[in-house]
Amino acid sequence: MNDPQQTIFGEQGSVNSSMIPQTNLHSFLSDESGTVESALVLIPLLILVLSTLQIAGGVLGRQVANNRIQSKVVQSGLYSNGSSGPIDLMRASGVEAATGLSLSGGGQLLIGEERTHLPAITPLLPQGDDFASVGVTLGEGR
């Protein structure tokens with residue numbers, strides 16, 4: 001009985017061309033439909049790409065949230081007047097926790113905080129990302 005490996009490969013290890021039809025050689029070599037290798041490469045690659053997007057989106061989302069709260073706190077410190085104080089302006093602009101500490105030389109230290117939730121795009125962080133952003137500024141008003 002012939003060894004199957006010797007049937008496909010010749011005596012010296014070269015491919016026996018009589019076993020592969022010459023007309024379909026290109027399609028035989030290029031056809032990879034149904035192979036396990038494609039799934040073994042695509043699934044980890046997809047997880048890697050989505051994880052990278054999750055990390056990049058999280059970093060960008062945190063920066064945007066920090067800039068947004070800082071802008072709201074600074075605007076409330078700059079544009080407050082006698083009728084509405086900076087704390088009222090912060091609360092009106094949507095800041096969840098607003099605090100003002102009186103300073104000994106006059107003015108106030110204004111602190112605002114917001115909580116933010118970023119959605120999940122990968123199964124590695126299914127609950128998303130929750131974080132608090134804090135903005136701090138000095139208010140020169142009363």
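Buried means under 20% relative accessible area, exposed means over 50%, and partly exposed is anything in between, using a 1.4 Å probe and protein chains only. Keep that scale at hand for this tour.

This is a predicted model, in which local features need pLDDT of at least 70 and side-chain atom pairs count only at pLDDT 80 or more, while totals for chains, interfaces and linings use all residues. Residues are numbered from 1 along each chain as its sequence is written, and side-chain values use heavy atoms, with hydrogens and water left out.

**Stop 1: the whole chain**

Start with a cartoon view. You will find 4 helices and 3 strands; these are DSSP runs numbered from the N terminus, helices being H or I with at least four residues and strands being E with at least two. Along the sequence they follow the pattern α-α-α-α-β-β-β. Of the 142 residues in the protein, 22% are buried. Switch on the surface next: its accessible area is about 10,200 Å², and 60% of that belongs to carbon and sulfur atoms. Areas here come from the Shrake-Rupley method with a 1.4 Å probe, and for residues only the protein chains shown count as cover.

**Stop 2: helix H3**

Select residues 36–78, which form helix H3. Its 43 residues should span 63 Å at 1.5 Å a residue, and the end C-alpha atoms are indeed 63 Å apart. The expected span is 1.5 Å times one less than the number of residues.

Now colour the buried residues of H3, among them Ser51, Gly58, Gly61, Ala65 and Ser76. What lies over them? The cover for the buried residues of H3 includes H4, E2 and E3.

Zoom in on glutamine 54, also in H3. Glutamine 54 is buried because its relative accessibility is 11%. Leaving out residues up to four places away in sequence, glutamine 54 touches Pro119, Ala120, Ile121, Thr122 and Leu125, where contact means heavy atoms within 4.5 Å.

For a contrast, pick leucine 46 in helix H3. Leucine 46 counts as exposed, at 52% relative accessibility. Try drawing a C-alpha to C-alpha distance from leucine 46 to threonine 122: the two are 76 residues apart in sequence and 9.6 Å apart in space.

**Stop 3: strands E2 and E3**

Select residues 108–118 for strand E2 and residues 129–139 for strand E3. E2 and E3 pair in the antiparallel sense over 11 bridges; pairing requires at least two bridges found by DSSP. To see one end of the match, show glutamine 108, which stands opposite glycine 139 in E3.

Then display the side chains of E3, which alternate. Asp129, Phe131, Ser133, Gly135, Thr137 and Gly139 point to one face and are buried, while Asp130, Ala132, Val134, Val136 and Leu138 point to the other and are not.

**Stop 4: the salt bridges**

How many salt bridges does the structure hold? There are 3, each being a side-chain nitrogen of Lys or Arg within 4 Å of a carboxyl oxygen of Asp or Glu.

Begin with aspartate 129 and arginine 62, whose side chains meet at 3.1 Å, N to O. Aspartate 129 lies in strand E3 and arginine 62 in helix H3, so the pair ties together parts that are 67 residues apart in sequence. Aspartate 129 is buried at 16% relative accessible area, whereas arginine 62 is partly exposed at 36%.

Move on to Arg68, Lys72 and Glu114, which are linked in a network of salt bridges. Arginine 68 and glutamate 114 have their closest N and O atoms 3.5 Å apart. With arginine 68 in helix H3 and glutamate 114 in strand E2, this pair ties together parts 46 residues apart in sequence. Glutamate 114 also bridges to lysine 72, at 2.8 Å between the closest N and O atoms. That link spans 42 residues. Is each partner buried or partly exposed? Arginine 68 is partly exposed at 38%, glutamate 114 is buried at 6%, and lysine 72 is buried at 19%.

**Stop 5: the nonpolar core**

Finish by selecting Ile69, Val73, Ile87, Met90, Val95, Ala98 and Leu110, the 7 residues of the largest nonpolar core. H3 and helix H4 (86–92) are the elements that give two or more residues to this core. Such a core is a set of buried Ala, Val, Leu, Ile, Met, Phe, Trp, Tyr and Cys residues joined through side-chain atoms within 4.5 Å. Center the view on isoleucine 69: its contacts beyond four places away in sequence include Val95, Gly112, Glu114 and Val134.
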